[in-house]
Amino acid sequence: MKKFGLTAIGFAAFWASLWMAGCGSDGNPATGNGDIDPNQPISLFDTLSVPSAANLPACDASREGRAFFVQNENLPRLCVKGSWRSAADSTDFSVTCSDGFLHAVDKISPTGTIVGSADTVFVEGFVSPISGIAQKGPFVFGTSVTVTEANKEFNTETYQKAEGCILTNDGRYFFNEVHSNSNCVKIRATGFYRNEVTGRVSNNPITLAAKTCSPEHANVNILTHITIPRIEQLTMNHIDFAEAKAQAEREAFAAFGIDTVMLYSQPYFTDGRTDKPVAEDLDMFGNSEYSAALFAISAMIQGERSENDMMNLANNLAEDLKGDGTWNDQNWKIQIADWIVGLDTLWKYNDIRNNVSSWGMSIPNFERYMRAFIPIAYGFEPCTDANAGQVTYVNQGQSALFANDYEHADHSRVRFICDANSKEWRIAQPIEKDTAGFGPGEYDKEVREGRVNHDNYYIFETATNAWRVATPQEADGFTDLVEVYANLKSDEKAVFIIRHSERTDDTGPNGHLTSNGKTYARNLGTRLATIAKEDFYYGYSGYTRTQETCEEIAIGKGQTGHTLNILPYMDGAWYIKDEATANNYINAEGGWVVFSKYGFTGAYPDAFYDLETRSEELLKNNILANLPAMKRVNVMCTHDYLVVPLLAYTTNGHANVRYYEKWRWVNYLSGVAMIISADGSVRYVPVKGLESGTM
């Protein structure tokens, strides 16, 4: 009766078991004479790589049993009995592997054949070599590869297995001859691998598997591994193996958002074949779309995970797909998507590319397949012409990028946009997410706060009909008062019309400044004192808090003997025409809303004067007319109810204090600088005495 056998010859012939003595540095006893001790196994945990044999260190007792990978030979050499021996030289020792490590033993079996049961009858099937590539990233030398016959339905593995080792660093394995009664085999690769994300060799070995009924060439990769349970499930349901395999692979690709209709339309084979490749045909380091898709899946499952965590994800995914072909675990998907966004944000894809390039391997265009996974995980609708330009956010609570709503930025400021050109979701740029939904500005030079980055400001220009990033000056709209003073020309005069400093809750005529308010005003005076060599004129509205503001500025400036003048036109009610009517509006809507809406829109004409007429009266008839009685530089302390309409007038509506619309109000010690040139012309500059001109 014929026996079934999986026979590994050629390179596989010397891949039987290896035990080495010596290597005292590894804590393993030596015989003292460097001879092989068949009872003492040595695991080579400290493998090194050198460019050529000339770079090998001395093969002495301290290195007995050590293996160095010689790059230009693409094989390891082992320190045996005082000399470096190539793994291809099996004169008096053989090389085998276990859990990713090489071992050496006396050469016992020249064939490496493991025979099955005596009752096994070889009826039909194939006799052929098997070769392929084992990849996670590529498995490295020392990886064991086992081939076991399996029945057609893949629910039972039969007979004994043949075992060989990978002795190169590119994951390639080869068996000269394989006999299989069923035509089907399961291939397992167990070893260390090059991690495409970190660029380093893994810390621990892993096992990936493949099942095939056409094993002449069969790669082992993450796709072959995760589809096995689904293939087994389908074949148990009496679905033809080839059909089951095709379905399982389509479902695995779809789980990662990869369009197999598009993918399968691409050529893969370079030998003229036009059929669709299967998972064990694929090489993740090729130049095809298939390689790019496989590489992307492998990298996504890897992420920043340890080997154990990565395999836990892979095996959970495989079991999840097994039942209905659908990946139902949203938590895993979101973790992967969050990681991809991190790569995308910092363009860390190049790190992965550099890793692979350093191994001398090509790398496919994997990035777009990873980006395509983002909307799958976050539940975004497909990006099409219909929603091009739409910006959205992650509302999945499990995500590190979760946002309560579009404008909520406490958790994450990342937003996504449907790109009009690529028809793919991508991370939105700051101006895209901050101005989403703005539409055209309501007027030229309108300034708005960013919707997501609330510290960013954008300005609308009617000339381009577009929003752009506002300069700090445009965003705040206010220049430091001390800076404005420092830049005055010697023949220019200035009048600083500013709101009082921080006040108490008493808003009546006798309300005082807070202790902070006094400090703020005094500090402003101190800053002015560093450059001011002249006395200022001070005027106030008659209220205690405006008087204290001017006094503290003068004290901080070191101006003794100063006088304070009450200026009735600095009263906060300057713009009110009908006090009773104005108070009705204020009581109903709030003073900040009413005064800002009046200043910027001309609202409430029954309660307020015409803005232009009343402002010119203030500036020309009261301030300019009395300028000869003042000094070159003058400080007038007033109220927000005067400053806000005056800012609206002097900036042609550009000042960012539209409280009714933007919830911005003029800050303490902020206002308007009135600069009078030698020829009598006047210009206006919004000024601030604190860090910000608005509150």
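A residue is called buried here when its relative accessible area is under 20%, exposed when that area is over 50%, and partly exposed in between (1.4 Å probe, protein chains only). Helices (H or I, at least four residues) and strands (E, at least two) are DSSP runs, numbered from the N terminus. The model is a predicted one, in which local features need pLDDT of at least 70, side-chain atom pairs count only at pLDDT 80 or more, and totals for chains, interfaces and linings use all residues. Residues are numbered from 1 along each chain as its sequence is written, and side-chain values use heavy atoms, with hydrogens and water left out.

A good place to begin is the overall picture. The protein contains 18 helices and 27 strands, and of its 695 residues 55% are buried. Contact is taken to mean heavy atoms within 4.5 Å. Of the contacts between residues at least 6 apart in sequence, 65% join residues at least 24 apart.

Attention turns next to strands β10, β13 and β14. In strand β10 (residues 144-150), seven of the seven residues are buried. This cover extends to both faces of β10, with S144, T146, T148 and A150 buried on one side and V145, V147 and E149 buried on the other. Two strands are said to pair if DSSP finds at least two bridges between them. By this rule β10 pairs with β13 in the antiparallel sense, over six bridges, and S144 has T190 in β13 as its bridge partner. Strand β13 (residues 185-191) also pairs with β14, again in the antiparallel sense, over seven bridges; here V185 is partnered by T212 in β14. Strand β14 (residues 206-212) is itself mostly covered, with six of its seven residues buried.

Further along the chain, T235 sits in helix α1 (residues 222-236). This threonine, T235, is buried, with a relative accessible area of 6%. Between T235 and K245 there are 8.9 Å in space, C-alpha to C-alpha, for a separation of 10 residues in sequence.

Helix α8 takes part in two of the helix packings described here. Two packed helices are described by the angle between their axes and the distance between the axes. The axes are lines fitted to C-alpha atoms, for helices over the stretch in contact, and angles run from 0 to 180 degrees between N-to-C directions. Helix α4 (residues 289-302) packs against helix α8 (residues 367-378) at about 55 degrees, with the axes 8 Å apart. That makes α4 oblique to α8, on a scale where angles under 35 degrees count as roughly parallel, over 145 as roughly antiparallel, 65 to 115 as roughly perpendicular and the rest as oblique. The crossing of α4 and α8 is right-handed; a crossing is right-handed if the near helix is turned clockwise from the far one by less than a right angle, and left-handed if anticlockwise. On the α4 side the residues are E289, A292, A293, A296 and M300, which meet R368, Y369, M370 and F373 in α8. Seven residues of this contact between α4 and α8 are nonpolar, none is polar and two are charged. In this grouping, Ala, Val, Leu, Ile, Met, Phe, Trp, Tyr, Cys and Pro count as nonpolar, Asp, Glu, Lys and Arg as charged, and the others, Gly among them, as polar.

The second packing brings the axes of helix α6 (residues 330-346) and α8 within 9 Å, at roughly 135 degrees. Helices α6 and α8 are therefore oblique to each other, and their crossing is left-handed.

A small open sheet of three strands follows, in the order β15-β16-β17, with antiparallel pairing. Its edge strands, β15 (391-392) and β17 (425-427), each pair on one side only. Two bridges link β15 to strand β16 (residues 416-418), and T392 stands opposite F416 in β16.

An open sheet of seven strands runs in the order β21-β27-β26-β22-β25-β23-β24, with mixed pairing. At its edges are β21 (479-480) and β24 (564-566), each with a single partner strand, so one side of each has no neighbour in the sheet. Within this sheet, strand β26 (residues 671-676) and strand β27 (residues 682-688) run antiparallel and are joined by six bridges, with V672 partnered by P686 in β27. Helix α17 (residues 640-650) lies across β22 (493-499), β25 (633-638), β26 and β27, at about 130 degrees to β22.

The loop between α17 and α18 (659-662) holds N656. This asparagine, N656, is buried, with a relative accessible area of 4%. Beyond its neighbours within four places in sequence, N656 is in contact with V447, Y457, A475, K662, R664 and T694.
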